[in-house]
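Work through the exercises below with the sequence and the coordinates at hand. Each task is followed by a solution in steps.

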Amino acid sequence: MELAGIKLKNPVMVASGTFGWGKEYADYIDLNKLGAIVTKSITLKSREGNPPPRIVETPAGMLNSIGLQNEGLEHFLKEDLPFLAKFDTALIVNIAGESIDEYVELAKKLSKESMVKGIEVNISCPNVKKGGMAFGCDAGLTKEVIAAVRKATTQPIIAKLTPNVTDITLTAKAAVEAGADALSLINTIVGMSIDIETGKSRLGSLTGGLSGPAIKPIAVRMVYEVSHVVKVPVIGIGGIMTGNDAVEFFLAGAKAVQVGTANFVDTEASIKIVKEIEDYVHRHPRTLNFS
Ligand SMILES: Cc1cc2nc3c(=O)[nH]c(=O)nc-3n(C[C@H](O)[C@H](O)[C@H](O)COP(=O)(O)O)c2cc1C
């Protein structure tokens, strides 16, 4: 199948930040069986991330406040890209910046790498003070960032949207008007968890992003709303643990899905989901179309 000009073996991708740089999972699953690998967010310079603790389990989900920890673009190009080049699976690189110029520079440099088949623009990270969600919560800023990235690259651009807005169709339409070839949604929902013995937040940075099954109904609703107002393909993300969960997103209008938190529960989750979607397609031959 093809999505926004990117060839995919199947509609199941692994979500940014939950699959490292691929290497971390390569001993457990065959990366060639995935529809696409989406890297953890890459920034221009290395980032230490937020103070610990950065992960808390919650009922039916988890809160994280990683804060885009990574070694920076040059390290990725030198150390991680050559490893990923060994696999015959579409590679989508997720980028994050503190300023529009940073997004532009990342997109320009990544465009030179033939291995990179698409750029996912993270304008939805809730765990950083500058950039991230600050761009994605505002339709005007969304348009500015995506338009600037559009000018910097001819590669397919996927705008990753935040659910932390009143009306997600506004930022979705802004991203498409600015030239996004596809939209992915949702990133995490801002949440908090307090330890009642200490009276303090369980996260070093006070708040974090909620993911996992708890957010699935919100994500399905947002995918439904967005896919009815834009013409570009929508990639559904949020609490997908099984093939049946993925099918819900397809029925809501998604053309592909990304699997995030499930990778932490079961390293084989994404591969199992591919198989479970195939089983559904056999049982319902005319319901879904992955051409
Ligand atoms: C530990 C963790 C780290 C994440 N890091 C990133 C990231 O670097 N960039 C990004 O765009 N999304 C990041 N996300 C968000 C996921 O890609 C995904 O949008 C979100 O978790 C919802 O999907 P899920 O419920 O299947 O996990 C992260 C999520 C988790 C749980």
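**Exercise 1. The ligand shell**

Task: State how many residues surround the ligand, which are the closest, and how the shell divides by class.

Solution. In this predicted model, 24 residues surround the ligand. The closest are Ser16, Ser41, Lys160, Gly239 and Thr261. Sorted by class, the shell contains seven nonpolar, 15 polar and two charged residues. Glycine is counted as polar here, so Gly239 belongs to the polar class.

**Exercise 2. Polar contacts and cover**

Task: Find partners for oxygen atoms of the ligand at Asn94, Lys160 and Gly212, and say whether side chain or backbone supplies each partner atom. Then give the share of the ligand's accessible area that the protein covers.

Solution. The cut-off for a polar contact is a pair of N or O atoms within 3.5 Å.

- Lys160: a polar side-chain atom is 2.8 Å from a ligand oxygen.
- Asn94: an N or O atom of the side chain lies 3.0 Å from an oxygen of the ligand.
- Gly212: the partner is a polar backbone atom, 2.8 Å from a ligand oxygen.

On its own the ligand has 610 Å² of accessible area, and the protein covers 97% of it. The space that the ligand takes is the largest pocket.

**Exercise 3. A salt bridge between loops**

Task: Give the number of salt bridges in the structure, then place the partners of the Glu98 and Arg47 pair and explain what the pair ties together.

Solution. The structure has eleven salt bridges. In one of them, Glu98 pairs with Arg47, and the closest N and O atoms are 3.2 Å apart. Glu98 is in the loop between strand E7 (90-95) and helix H3 (100-111), while Arg47 is in the loop between strand E4 (36-38) and strand E5 (55-58), so the bridge ties together parts that lie 51 residues apart in sequence. Side chains of opposite charge can pair when their charged atoms come close.

**Exercise 4. Backbone exceptions**

Task: Locate the cis peptide bonds at Pro53 and Ile186, and the positive phi at Ala4.

Solution. Start from the general rule: most peptide bonds are trans, and most residues other than glycine have a negative phi.

1. Pro52 and Pro53 are joined by a cis peptide bond with omega about -10°. Pro53 sits in the loop between E4 and E5.
2. Another cis peptide bond links Leu185 to Ile186, with omega about 20°. Ile186 is in the loop between strand E10 (182-185) and strand E11 (189-191).
3. Ala4 is not glycine, yet its phi is positive, near 50°. Ala4 lies in the loop between strand E1 (2-3) and strand E2 (6-7).

Technical notes:
Residues are numbered from 1 along each chain as its sequence is written. This is a predicted model: local features need pLDDT of at least 70, side-chain atom pairs count only at pLDDT 80 or more; totals for chains, interfaces and linings use all residues. Side-chain values use heavy atoms; hydrogens and water are left out. A residue is near a molecule or strand if one of its heavy atoms lies within 4 Å of it. A polar contact is a pair of N or O atoms within 3.5 Å; within protein, one must be able to donate a hydrogen and the other to accept it, and residues adjacent in sequence count only if both atoms are side-chain atoms. Accessible areas come from the Shrake-Rupley method with a 1.4 Å probe; for residues, only the protein chains shown count as cover. On a 1 Å grid over the protein atoms alone, a cavity is a set of points where a 1.4 Å probe fits but cannot get out, and a pocket is an open set with protein on both sides within 12 Å along at least five of seven lines; lining residues have an atom within 4 Å of a point. A molecule sits in a cavity or pocket if more than half of its atoms lie within 2 Å of its grid points. A salt bridge is a side-chain nitrogen of Lys or Arg within 4 Å of a carboxyl oxygen of Asp or Glu. Helices (H or I, at least four residues) and strands (E, at least two) are DSSP runs, numbered from the N terminus.
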